[in-house]
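Grab a pencil and work through these short exercises on how helices pack and what lines a pocket. Try each task before you read its solution.

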Amino acid sequence: MSTHNRLIRRGVVAGGSGGVGRMFVELLVGHGVEVCVLDPVAPQPFSGSTQWLCGDVTAPTTEVESQLAAADLVLLAVSESVALDAVPVLANMLAASALVGDTVSVKTRIVSAWSEHPACRQWVSLNPMFSPSLTMHGRSVAAVVSDPSPLAEELLKLVEAAGARIVRMEAERHDRLTAAAQVLTHATVLSFGAVMADLGVDIAELSRIAPPPFTTLLALLARITSGSSEVYWDIQSSNPFADNMRARLAEATERLQSLVRDGEDESFGASMCSLQRMLGDELTWYSRLCGEFFEMISNPSYRERE
C-alpha cells in the first residue's frame, strides 16, 4: 500500500511496551506510520519513527492529550478494564475522523462501549488468536468492525499484508467461539497441571516414560504458565460464557467417572464414537496432524537440539 495514499499516518498505541502492543507498533512502523508508544514502562528500542510517552491513557497529561488529538489511529493494547475506562476519555478528545481500536480478549462489553459513544465513529476490535511471540504469518486475527470504517479497513489490510487471516464476526459470536477455543482449552490444561501438582510427581522422572499425549499436555502447560497471567486471567474471568465452559468441563469429567465406575464399557465406546462424529470431516486431518506431531516429539534428536 502506497504511503502517499494512506489514511493512517500517525498512531498512538497504548500499552505499546507489552507483547501485543509491540507487535502492532512494529506492524505500523513497518508501513511508514509515525507511532507514539503510550505506556508507563519504557519499551525496548524500535526501528523506524517512534516515540515513547510515559503515561496512562485513562488519565492523560496535556502532552498525551496532544498526541491523542493528532492521531489517525489510537489502539488500546491493554487489559479489558483499562480499555473500558479509556473509552469515555478518548471519546472527548479524538479527532472526528480518527479510528479507535482495542486488542482485548472479550468483545461484548468493549464493542458496546465503543457503540455507545457517537464520537467514536470508526472503531475496530481485534483479537490476535496467538501469542505475540509468534509472527502473524498464517495465523488468525478475529475482528469486530464498525460500519462503515475506511480506516479500519486500511488497518485490516496492513494486518493481512503481514500474512494474518482476518476473521470477521459479531461481538457475541466472538465471545461464544473463544469461550470454547480459549477458555475451555486453557481451563483443561490448567486443571491437568493442578492435578499433576497435587500428585507431587517428579516431572523429569515421569517424562522418561511419558507417552506423546502426556508430553503434549506438559508442553501446553509450560507454554501457558510461561505467558502473561494477566492475559489468561482476562480470558477466564471476563468472557461472559466462561462459567458455563468450566461447568461443562467439570460435568464431562464426572460423566467419564460415572461410565468407568459403573463398568459401562459399551457406553464408553459409544461416547468415543460420538466424539468421532463431532469431528466430522476434520477427523482425518486432525488425526494425521497429531500423528506428525507425535512423531516429531518422539524423535530423540528433537530434544537433543536444545
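H6 passes H10 in a right-handed crossing (the near helix is turned clockwise from the far one by less than a right angle). Keep in mind that this is a predicted model, where local features need pLDDT of at least 70, side-chain atom pairs count only at pLDDT 80 or more, and totals for chains, interfaces and linings use all residues. Residues are numbered from 1 along each chain as its sequence is written, and side-chain values use heavy atoms, with hydrogens and water left out.

**Exercise 1.** Work out how H6 and H10 are oriented to each other.

Step 1: find the angle. H6 and helix H10 (residues 242-261) pack at about 45°, and their axes are 9 Å apart. Axes here are lines fitted to C-alpha atoms over the stretch in contact, and angles run from 0 to 180 degrees between N-to-C directions.

Step 2: classify it. Angles under 35 degrees count as roughly parallel, over 145 as roughly antiparallel, 65 to 115 as roughly perpendicular and the rest as oblique, so H6 and H10 are oblique to each other.

Step 3: look at who touches whom (contact means heavy atoms within 4.5 Å). On the H6 side you'll find, among others, Ala-179, Val-183 and Ala-187, and they meet a group in H10 including Met-245 and Leu-249. Sorted by class, this contact has 8 nonpolar, 2 polar and 1 charged. Ala, Val, Leu, Ile, Met, Phe, Trp, Tyr, Cys and Pro count as nonpolar, Asp, Glu, Lys and Arg as charged, and the others, Gly among them, as polar.

**Exercise 2.** Now do the same for H6 and H9.

Step 1: helix H6 (residues 171-199) and helix H9 (residues 229-238) pack at about 110°, with axes 9 Å apart.

Step 2: H6 and H9 are therefore roughly perpendicular to each other.

Step 3: Gln-182, Val-183, His-186 and Ala-187 of H6 make the contact with Tyr-232, Ile-235 and Gln-236 of H9. That gives 4 nonpolar, 3 polar and no charged residues.

**Exercise 3.** Which residues make the contact between H8 and H12?

Step 1: helix H8 (residues 212-225) and helix H12 (residues 283-298) pack at about 85°, with their axes 10 Å apart.

Step 2: that makes H8 roughly perpendicular to H12.

Step 3: Pro-212, Pro-213, Thr-215 and Thr-216 come from H8, while H12 brings Phe-293, Phe-294, Ile-297 and Ser-298. By class, there are 5 nonpolar, 3 polar and no charged residues.

Note on methods:
Helices (H or I, at least four residues) and strands (E, at least two) are DSSP runs, numbered from the N terminus.
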